[in-house]
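Q: I'd like a close look at a single part of this protein, and then a walk outwards from there. Take your time and keep it informal.

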Amino acid sequence: MSYYSKKMASPVGELTLLASDRGLAAVLWQKEMARIRLAPITEDPQHPLLLETERQLNAYFAGELKQFTLPLDFVGTEFQKKVWQALVAIPYGETRSYADIARAIGHPAAVRAVGAANGRNPISIIAPCHRVIGTNGKLTGFAGGLEAKAFLLAIEKSDLLSL
């Protein structure tokens with residue numbers, strides 16, 4: 001499997017987009033390439049799926065897009081893929097706890113494993129791991145940093161308030 005990459009500027013810093021022939025494989029934060037083991041990677045800033053991903057992300061950041069419509073190519077264990085699919089199901093402007101996700105995938109006792117899988121989510125923002133918070137309502141770890149997580153949640157909250 002070959003992968004294609006493109007960098008894009010965003011309000012939360014530079015993002016690296018990766019796609020395979022099957023779909024979007026990753027949205028990575030600065031200095032995060034080592035976390036994702038996908039190879040070989042060819043830089044292709046004109047790749048159609050990467051251009052569409054950039055367009056949709058820019059619309060999301062502008063408050064104009066609430067649901068992404070991109071084919072996703074998750075690479076991970078079956079358990080991780082279940083968690084990541086559960087992330088995609090979290091509605092715009094809502095949050096869930098790790099316990100909520102564990103229940104949603106049918107493994108209510110696997111809260112820590114859900115947290116670990118959430119932390120390995122390769123498709124940040126689009127598979128919205130920023131919408132997962134602690135049971136106590138507090139922001140928890142995020143690959144892009146808690147400031148970026150708060151920013152993404154604020155975009156969604158302010159957009160909902162303006163409806």
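Which helix is glutamine 56 found in?

A: Glutamine 56 is found in helix α1. Keep in mind as we go that this is a predicted model.

Start with the residue itself. Glutamine 56 has a relative accessibility of 1%, so it counts as buried, the cut-off being under 20%. Setting aside neighbours within four places in sequence, glutamine 56 is in contact with Leu65, Phe68, Thr69 and Leu70.

Now for the helix around that glutamine. Helix α1 spans residues 48-61, and domain 1 covers 3-62, with domain 2 at 78-159. The centres of the two domains, taken over C-alpha atoms, are 20 Å apart. Domain 1 puts 16 residues into the contact and domain 2 puts in 18.

What does that contact look like in terms of area and chemistry? About 1300 Å² is buried between domain 1 and domain 2, and carbon and sulfur atoms give 69% of that area. If you go hunting for salt bridges across the interface of domain 1 and domain 2, the rule finds zero. Polar contacts do turn up there: five residue pairs across the interface, with both residues at pLDDT 80 or more. On the side of domain 1 that touches domain 2, helix α1 and strand β3 (24-28) each supply at least two residues. Strand β3 gives the most to that side, with five residues. By type, the residues on that side of domain 1 split into 13 nonpolar, one polar and two charged.

Salt bridges do exist elsewhere, and helix α1 has a share in them. A search of the whole structure finds seven. One of them joins lysine 6 to glutamate 54, with the closest N and O atoms 3.1 Å apart. Lysine 6 sits in strand β1 (residues 3-8) and glutamate 54 in helix α1, so this pair links distant parts of the chain, 48 residues apart. As a reminder of the chemistry, side chains of opposite charge can pair when their charged atoms come close. Both partners are tucked away: lysine 6 is buried, with a relative accessible area of 10%, and glutamate 54 also counts as buried, at 18% relative accessibility.

Past the end of helix α1 comes another salt bridge, between aspartate 73 and arginine 22, where the closest N and O atoms are 3.2 Å apart. Aspartate 73 is in the loop between α1 and α2 (78-88), while arginine 22 is in the loop between β2 (15-19) and β3, and the two are 51 residues apart along the chain. Here the partners differ in exposure: aspartate 73 is buried, with a relative accessible area of 6%, whereas arginine 22 is exposed, at 53%.

Let's carry on into domain 2, which runs over 78-159. The side chains of arginine 96 and glutamate 94 meet in a salt bridge, at 3.0 Å from N to O. Both count as partly exposed, arginine 96 at 26% relative accessibility and glutamate 94 at 34%.

Serine 97 lies in strand β5 (residues 96-97). At 8% relative accessibility, serine 97 counts as buried. Leaving out residues up to four places away in sequence, serine 97 touches Val132, Ile133, Gly134 and Thr135.

Two of those contacts are worth following up. Isoleucine 133 lies in strand β6 (residues 132-133), and valine 132 lies in strand β6 too. Isoleucine 133 counts as buried at 12% relative accessibility, and valine 132 counts as buried at 1%. With residues up to four places away left out, the contacts of isoleucine 133 include Arg96, Ser97, Tyr98 and Lys149. On the same basis, valine 132 touches a set of residues that includes Leu87, Ile90, Ser97, Ile101 and Asn118.

A couple of distances help place strand β6. The C-alpha atoms of valine 132 and threonine 95 are separated by 5.6 Å, although the two residues are 37 residues apart along the chain. For isoleucine 133 and alanine 110, 23 residues apart along the chain, the C-alpha separation is 16 Å.

Definitions and conventions. Residues are numbered from 1 along each chain as its sequence is written. This is a predicted model: local features need pLDDT of at least 70, side-chain atom pairs count only at pLDDT 80 or more; totals for chains, interfaces and linings use all residues. Side-chain values use heavy atoms; hydrogens and water are left out. Domain bounds come from an automatic or database domain assignment. Contact means heavy atoms within 4.5 Å. Buried area is the accessible area (1.4 Å probe) that two parts lose on being put together, summed over both. A salt bridge is a side-chain nitrogen of Lys or Arg within 4 Å of a carboxyl oxygen of Asp or Glu. A polar contact is a pair of N or O atoms within 3.5 Å; within protein, one must be able to donate a hydrogen and the other to accept it, and residues adjacent in sequence count only if both atoms are side-chain atoms. Helices (H or I, at least four residues) and strands (E, at least two) are DSSP runs, numbered from the N terminus. Ala, Val, Leu, Ile, Met, Phe, Trp, Tyr, Cys and Pro count as nonpolar, Asp, Glu, Lys and Arg as charged, and the others, Gly among them, as polar. Buried means under 20% relative accessible area, exposed over 50%, partly exposed in between (1.4 Å probe, protein chains only).
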